[in-house]
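Here is a look at where the charged side chains of a protein sit and what they pair with. Have the sequence and the 3D view open as you read.

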Amino acid sequence: MSLLTKWAFKNKAAITVVVILSIVMGIVSYFTLPMEFLPEADNPQVTVVTLGQGYDSKTMVDEVTTPIENAVASVKGKTNVYSTTGDGYSQINISFDSKTDMKEAKNEVEDDLSKIPFPDGVQKPNVVQLNTNQIPISEVSLTFSQGLTRANMEKAEKVIVPKFKALDGIGTATLYGKTDPRIVVQLDNVKMAAAHIPLQSVMGILQGQNLAVSVGEKPIDGKMANLKVIGNINSLDALKNLTISLPVPNAPKIKLGDIATVKQESNQESITRINGKEALIIAITKADNASAVTVGKEVQKEAEKISKEVSGAKAEVVFATSDMVQHSVNSMMREVLMGALFATIVIVLFLRNVRSTVITIISIPLSLGITLFLLWKSGITLNILTLGGVAVAVGRLVDDSIVVIENIFRKTQEKEFNKATVLEAVKEVATAITSSTLTTVAVFLPMGLIQGSLRSFIYPFALTISYSLLASLIVALTVVPLMSYGMLKKAKLPAHKEPARYMKVLRWSLNHKFVPILLAIFFFAGSIGLYFAMPKGAIDAKNAQNLDINLTFPSKTPIDTVSKRAIDFENKLQNIEGYKYIITQAGTNADEAAWGQVSNPTEATYTVIMKDGADADKFIKDVKKLKHDFSEADLSVSAGSMMGSSSGSEITLDLVGKNPQDLMPASNKVMDSIKGIKGVNKVTSNQEETKPVYTIKVNSNVANTQQIATQLHVLMNPTPIGTVNLNDKDTMVYLDAGFNPTSQADVQNSKIMTETGIVSLSDIASIDKGEQSSTILHKDGDQYLRVSARVDSDKLSVISNKITKNTKDLHLPKGVKLVTGGATTQQSSDFADLGLTMLASIGLVYLIMVITFKNLRTPIAILMTLPLASIGAILGLLLTRVPIDPTSLFGALMLIGIVVTNAIVLIDRVKQNEEHMIIREAIIEGAATRIRPILMTAVATICAMIPILFGDPETGSLVSKGLAVVVIGGLTVATVLTLVIVPVFYELLYFKKSKKQRLSGKKISSNEAPESFGG
């Protein structure tokens, strides 16, 4: 690589132009690169959500879930099918392998579902396949001074939403929370009975009233013409005046208004509120190539403009990913500036020369400029992952330059300064810094090779770090030597002093090898023991920007009661300080289903957007105190994010068996075994939540079961039967039979039309009362039962081990299998994936070092830095009380690439010395020479991590406090011990040769043949 330096000296003008172009293109790329929250990635899952108002969970399973599961059984690429079915809804998640084209998979699922006949009252299934581009970049709340009147909802739909759609860079602007008006025909059963009017007669006159039907094409007056039949009902009065025909001779004419109340009302299936007011939500996504930050600013301006110009309306941006991206950009700039500042301080303290400091610092903007340009040309956006990569890499951007400038500085202290001195100094370290940079890049290479949707997340991060490190290497080998030659010509440098104390410690350690080695083994073994003993937690989210709160009522609770209590809880929440917005939602609705989401009808959810700097922990504690006022409901609160709720605190245990009757007693055993474990806050089962079910068995000899079921469904549920045109708008008509039984006797006495006339239900059917689960779970078509344990997130692994121990020896019914899942399984999967990535990275690092040093033994000495780093990493986590989470392991992965660089720089000097020194003296001289650049690069990297250590982790980022603790702790201990243990272990690998040299006093001539491959 020293050839690159020689080329740079021969082409100074070209290098000058390249430097200017790099900075200019970096600035241009920064302003050109689209900014977004996450890179584009498909979720390898298709979700099918179906709503069926009035249907119980068992009926939904039989009529909806099972037919869908059977239909999608042969879809290509499918791995698993999980379904959750409750009262009035069915949600089926179909998972696919990483090679599947998700757009084709969605189309195939839709084709299969189109062949299924669903019962009346069940809506068409929503088939959803999400990717990160569908994450709204902004959510705008709309409130009105007069409330959500029909006029205001039309104003929102026809005036306000189009204003957002017209903005540049907008992908979609979708309105949620709108309650379309509907017409309800509420029958008076007493008047109907008096007039002897059956329900079927009313349905008959309403169905198809306002259809527009083409009936054919015929030649009329010599010309071909279309014939079309249309309805003419365009008012409530016209509907009331419809005449009901009775199958009785000379029957009196009875109008619909005589036996029913016809009125228009809001279709209020759910509630959506912002800070205690009824509200609409506009979810806005950006176009594919647009910048989230730019679009987000335009949305904010438009919201402010609407609030001023649209009478009675107030538009507020309650959530924006553009704010997060902007925060990440600001964080990146802060990390860059802090990194540059700390590097400056480090270089000044060690070299005490301002010119050397300026030369080194130039590598940061140059490397970043090249990195941004390469990202732009690679089609990578500026997102939370690429920005995180820059924040992590900043500490390493100056390392190569530090090593180069320090060696030039040292050479200049020892001999006359000239071009030859500079080239010689660069040549001495060129191999070392090239090898060390490539090893760091090699650590991230396996991450870039990951396949599937995960690759879309990891690849930009790995590519950013790789680009920045390779750019810093090129800068160190070209720009730094040139600037050094130009700026250090007349510099007055102090004489170089040997680190006498360090050399004394090193000599003693080399003479007493087993003392430091045994100490290292002892501390390493202790750190491994601590690792397995330490709790493994979910990713920390103490500084959460938003919270997710769920208030779940028993399934027996009437919907009206749920709505009332949900608003009561909202009022209580508004008394707690720290929130900016509280978004309240309750009930199942088509808006959620369109996104593949479905809510328990008796559950209210609250999304709390926190104020900047608010104490989320205190808010959570205050929310939990409200449990006493809502003891009838289950209350849960957790930190949330765009990546989903921070639900890493729930362990699930699934009981799978062919016989559903065996699952309930098995679940009771499992629940009893884990209820007493410390740290388990609550244990529930989906079979615990039941509600009464009345099973009506029709006597098939006297009535048709399907006809009776249809009549009962119409009797007990508002049933859509058609549309009429009101105010030039099609409005749905619902028939409300007004039958609201309050006892089993009322059900038995309900009047049913049969072929022989109107009879009581009890005359043609028996009615049995039972209990049925409100939620039914399937995996690949088989029913399973889930036990959920809510636990302390920071002690996840400890509690998981206790649960495993307590459930290990349970005697479960034959054929029932217990499978642990939830947070602990996800954690194990994350840890296993990162563990495999670490092994692959270590293998690549070893290969690069074998190529560099041309033998197998020397790289082994360098790899000794890895166990030394683990000592510091675990001690750091222990002292800071930060639990081990996936980001901590990610920090350990980074350490592999960082700590070996110090050992490479040291051993590279030793190998150079061995050409004219014995091994012992080569080690001592090499260590004494390299101690300064090793300490400088280590301190610069550690200091660059300090802002991450004390900063707030960005939502969804791989960069966190745990990562910083691991890197700082590991690098600190590894640097100190590397300066002793690595030299000792290196000599131990060549013990016989070294001992023979020392005993004979022999020195190796410079022309002696190099050591053979393998040692």
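What follows goes from the overall build to salt bridges, then to two charged residues without one, and ends with cavities.

This is a predicted model, where local features need pLDDT of at least 70 and side-chain atom pairs count only at pLDDT 80 or more, while totals for chains, interfaces and linings use all residues. Residues are numbered from 1 along each chain as its sequence is written, and side-chain values use heavy atoms, with hydrogens and water left out.

**The overall build**

The protein has 34 helices and 31 strands (DSSP runs numbered from the N terminus, with at least four residues of H or I for a helix and at least two of E for a strand). Of its 1015 residues, 52% count as buried. Buried means under 20% relative accessible area, exposed means over 50%, and partly exposed is in between, using a 1.4 Å probe and protein chains only. Take the contacts (heavy atoms within 4.5 Å) between residues at least 6 apart in sequence: 80% of them join residues at least 24 apart.

**Salt bridges**

How many salt bridges does the whole structure hold? A search finds 23, each being a side-chain nitrogen of Lys or Arg within 4 Å of a carboxyl oxygen of Asp or Glu. Here are three of them.

| Acidic partner | Basic partner | N to O distance |
|---|---|---|
| Glu 570 | Arg 273 | 2.9 Å |
| Glu 424 | Lys 411 | 3.0 Å |
| Glu 987 | Arg 998 | 3.8 Å |

Start with Glu 570 and Arg 273, which form a salt bridge. Glu 570 is in helix H20 (residues 559–573) and Arg 273 in strand S13 (residues 271–274), so this pair ties together parts that are 297 residues apart in sequence. Both Glu 570 and Arg 273 are buried.

Next come Glu 424 and Lys 411, also joined by a salt bridge. Glu 424 sits in helix H16 (residues 419–448) and Lys 411 in helix H15 (residues 399–414), 13 residues apart. Glu 424 counts as partly exposed at 31% relative accessibility, whereas Lys 411 is buried at 6%.

Then there's the salt bridge between Glu 987 and Arg 998. With Glu 987 in helix H33 (residues 961–989) and Arg 998 in helix H34 (residues 991–1000), the pair ties together parts that are eleven residues apart in sequence. Glu 987 is buried at 0%, while Arg 998 is partly exposed at 32%.

Shared partners also build a network: salt bridges join Arg 410, Lys 411, Glu 424, Glu 428, Arg 909 and Glu 925.

**Buried, but without a salt bridge**

For charge, Lys and Arg count as positive and Asp and Glu as negative, with His and the chain ends not counted. Which side chain of opposite charge is nearest to buried Arg 930? That is Asp 908, 4.6 Å away, and Arg 930 has no salt bridge. Arg 930 is in helix H32 (residues 919–950). Leaving aside neighbours within four places in sequence, its contacts include Arg 410, Glu 428 and Arg 909.

Glu 69, in helix H3 (residues 57–71), is buried without a salt bridge too, and its nearest side chain of opposite charge, Lys 78, is 11 Å away. Not counting residues up to four places away in sequence, Glu 69 touches Val 81, Ser 83, Ile 92, His 778 and Gly 781.

**Cavities**

A cavity is a set of points, on a 1 Å grid over the protein atoms alone, where a 1.4 Å probe fits but cannot get out. There are seven cavities of 30 Å³ or more. The second largest holds about 90 Å³, a volume being the space filled by probe spheres set on the points, which are joined across faces, edges and corners. Its lining residues (those with an atom within 4 Å of a point) include Glu 36, Phe 37 and Lys 286.

Note on methods: 1 Å grid on protein atoms, 1.4 Å probe; cavity = no way out; pocket = protein on both sides within 12 Å on 5 of 7 lines; lining within 4 Å.
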